[in-house]
Amino acid sequence: MDLGAFYTGQDFEAWRWMGARPTETGTDFRVFAPAAAGVVVRVGDGAATHGAPAAHGGPAPHAPTPAARDIPMARALNGSFFEAHVPGVGPGTPYEYVVYLPDGSSQAHADPYALASELRPAHRSLVHGLPRHEFADDAWMAARSAGLDRPLNVYELHLGSWRKPGPEPDAWYAYDELAAPLAEHVRSLGCTHVELMPLSEYPFDGSWGYQATGFFSPTRRYGTPEQLASLVDQLHQAGVGVIVDFVPAHFAVDAWGLATFDGTALYEYPNDAVGVSEWGSHNFMHSRGEVRSLLQSAANLWLSVYHVDALRMDAVSRVVFWQGDERRGVNGLGVDFLRTMNHGLHERNPGCVLVAEDSSPFPGVTRAWEEGGLGFDYKWDLGWMNDVLSYFQASPEERRERPGLMTFSMLYRTNERYLLPLSHDEVVHGKATIAQKMHGNYGEKFPQARALYLWMFVHPGKKLDFMGNELAQLREWDETREQDWELLAYPVHDAFLRFRRELGRLYRAHPALWERDFEEGGAEWLDCSGATPCCWALLRRGGDELVTALLNLDDEPHDYAVALPAGEAVDDAEVLLDTDWERFGGATPDGEKNLSVAAGTLRCALAPLSGVLVRLAPAPRPGSLLYNGSVHSVR
């Protein structure tokens, strides 16, 4: 191990030396505990350990392991590390470190660098090497990129409740069992990626993984490291990218975890005023190189070893600002940690994507590391999310008084590279689901939800939506229950899913909706004046095409007319999608046009609470021939 890199926070592969590493004769154990008086590794217990999950159920047991025994560990390197080689101990063996303090007391801890763990409520580490899986995704890995000028449509999900083999809270499918149905479903929605809520091992189901104990260890709930690698590989071969949530801000407080690991605040702040988060977890002390090396090594493991395409970094503002509070000021060493980590991850994993979940106004989140930015590829636009949901929750009368909820995001849209999220946070804790949030009675919610998603997909920025929203689910998400797939037996929900699939297909098919997301000329208002109540018209450019969305978010029909931009010769228009078509649950006959272009004006009859997506056809220019709908120059 390079001690200089470890202590200065430059190590991105600390897992190669730390933790439990199986050898031909046994296992090498190494742990960092500088303040400890001594450490023993307690291996085995004579009980059966958890292996891969049995089909449609809990994990299948391995054969019983050797009886528990304590093996003293010797000081190594500079004396702050402890190591031991234990002959005859192999993969699947449970172990933990018993850390002795100068006063004679002790505490058993799981291994901070463990590559596998027992299934909760058990919490020990398991001896395991790097996953034994031979990936077949070379072409995918070579072609992946940050995708700034590509479609990016993310389906966020919780693996344990997307599909379940039974009603029991701890009945889960294995990682690889979910690969085929998940790939089929997200591709039908036009999604490019899935985003998996945190997979780093965690003790409490209700934390959803956001309070972790094993940053290198995929949760045992859904199987083995090999099964996770297989899931990623299968998704790649199906043309679906994989994003995993990663939590660099804080960790769970369980005594057997990272807390006061060697009797001191080794990973956390010693002062509770900055060391305890709003969720009751411990904040990482990012000024310490040892902490940085642990976190960025874990992040690098997910990207390099598991071939994950992207990490969505949770609670970035809690690293940037003290306790996430702008009034407390910027945590400069936290900022430095993010910049160094992001630069190192990009350098080591070409084409990987790093996404910041950040609601703060801190500038330069997606600016390059070399230019003084944090080096993220995308930042969640939580301002857009809050504004647009507030608008759709308001009555049409209130909407007329609050146009800024629709227009404000367009004023700052090029400040960062934004991703528009309708995430799990918006469908829990009494907030209601996306469909439920829509103003009005039951029947009015569905057309408004369709209009909301049309607005989301025409607005500049990449897209993220949480599972269940595509069904217009009306029950808040609960991690113990499967999504309400039975809703598809009801025509209105089945029609909503049909709408979402067609919208997703059109999004991927039309470069105007994604190619110039972050350019000034990629989007412009055709109308945001409010002259026609609650009506909006936004134009998108890209791929030599013009696409516009016209929305009527009033509860009355409107004959909506908007002027086309000067210099754009348009002589026809094609309706790509109308949210009010009968096949989506509306009242307009499928395929009905209801629009015209004349004298530089686009006119459309819009049903109440609806929108249309329109491709504008350019008029032939002098010296050109129009052939099959495309303009070809005459030479």
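## Rings, strands and single sites in a predicted model

The charged end of R348 sits over the ring of F12, 3.9 Å from its centre. A charge is said to sit over a ring when NZ of Lys or CZ of Arg is within 6 Å of the ring centre and within 35 degrees of the ring normal. R163 also meets this description, lying over the face of W162 at 5.6 Å from the ring centre.

A word on how to read these values. This is a predicted model, where local features need pLDDT of at least 70 and side-chain atom pairs count only at pLDDT 80 or more, while totals for chains, interfaces and linings use all residues. Residues are numbered from 1 along each chain as its sequence is written, and side-chain values use heavy atoms, with hydrogens and water left out.

### Aromatic rings

The structure holds 35 aromatic pairs. Rings of Phe, Tyr and Trp (its six-membered ring) pair if their centres lie within 6.5 Å; planes under 30 degrees apart count as stacked, over 60 as edge-to-face and the rest as tilted. One of the pairs is W17 with F81, which is edge-to-face, at 5.8 Å centre to centre and 80° between the planes. W17 lies in the loop between α1 (3–7) and β1 (19–22) and F81 in strand β8, so this pair ties together parts that are 64 residues apart in sequence. Helices (H or I, at least four residues) and strands (E, at least two) are DSSP runs, numbered from the N terminus. Both partners, W17 and F81, are buried; buried means under 20% relative accessible area, exposed over 50%, and partly exposed in between (1.4 Å probe, protein chains only). F6, Y7, W17, F32 and F81 form one aromatic cluster.

### Three single sites

Strand β8 (residues 81–87) is also the place of A84. The table sets A84 beside two loop residues.

| Residue | Place | Relative accessible area | State |
|---|---|---|---|
| A84 | strand β8 (residues 81–87) | 12% | buried |
| T532 | loop between β24 (523–527) and β25 (535–542) | 18% | buried |
| A68 | loop between β5 (59–64) and β6 (69–72) | 48% | partly exposed |

Which residues touch A84, leaving aside its neighbours within four places in sequence? They are T27, D28, F29, I71, P72 and M73, where contact means heavy atoms within 4.5 Å. A84 and A20 are 64 residues apart in sequence, and their C-alpha atoms are 9.7 Å apart in space. With neighbours within four places again left aside, T532 is in contact with H558 and Y560. For A68, the C-alpha atom is separated by 8.7 Å from that of Y95, which is 27 residues away along the chain.

### The annotated domain and strand β16

In the UniProt record, an unreviewed entry, the annotation "domain: Glycosyl hydrolase family 13 catalytic" covers residues 156–500. UniProt positions are given in the numbering used here, feature names are shortened, and annotations may be inferred rather than shown by experiment. Over residues 156–500 the chain is 36% helix and 13% strand, and the end C-alpha atoms are 15 Å apart.

Is strand β16 enclosed or open? Six of the six residues of β16 (residues 241–246) are buried, so the strand is largely enclosed by the rest of the structure. Both of its faces are covered, with G241, I243 and D245 buried on one side and V242, V244 and F246 on the other.

Two strands pair if DSSP finds at least two bridges between them. Strand β13 (residues 193–196) pairs with β16 in the parallel sense over four bridges, and H193 stands opposite G241 there. Strand β19 (residues 310–313) also runs parallel to β16, joined by four bridges, with I243 opposite A310.
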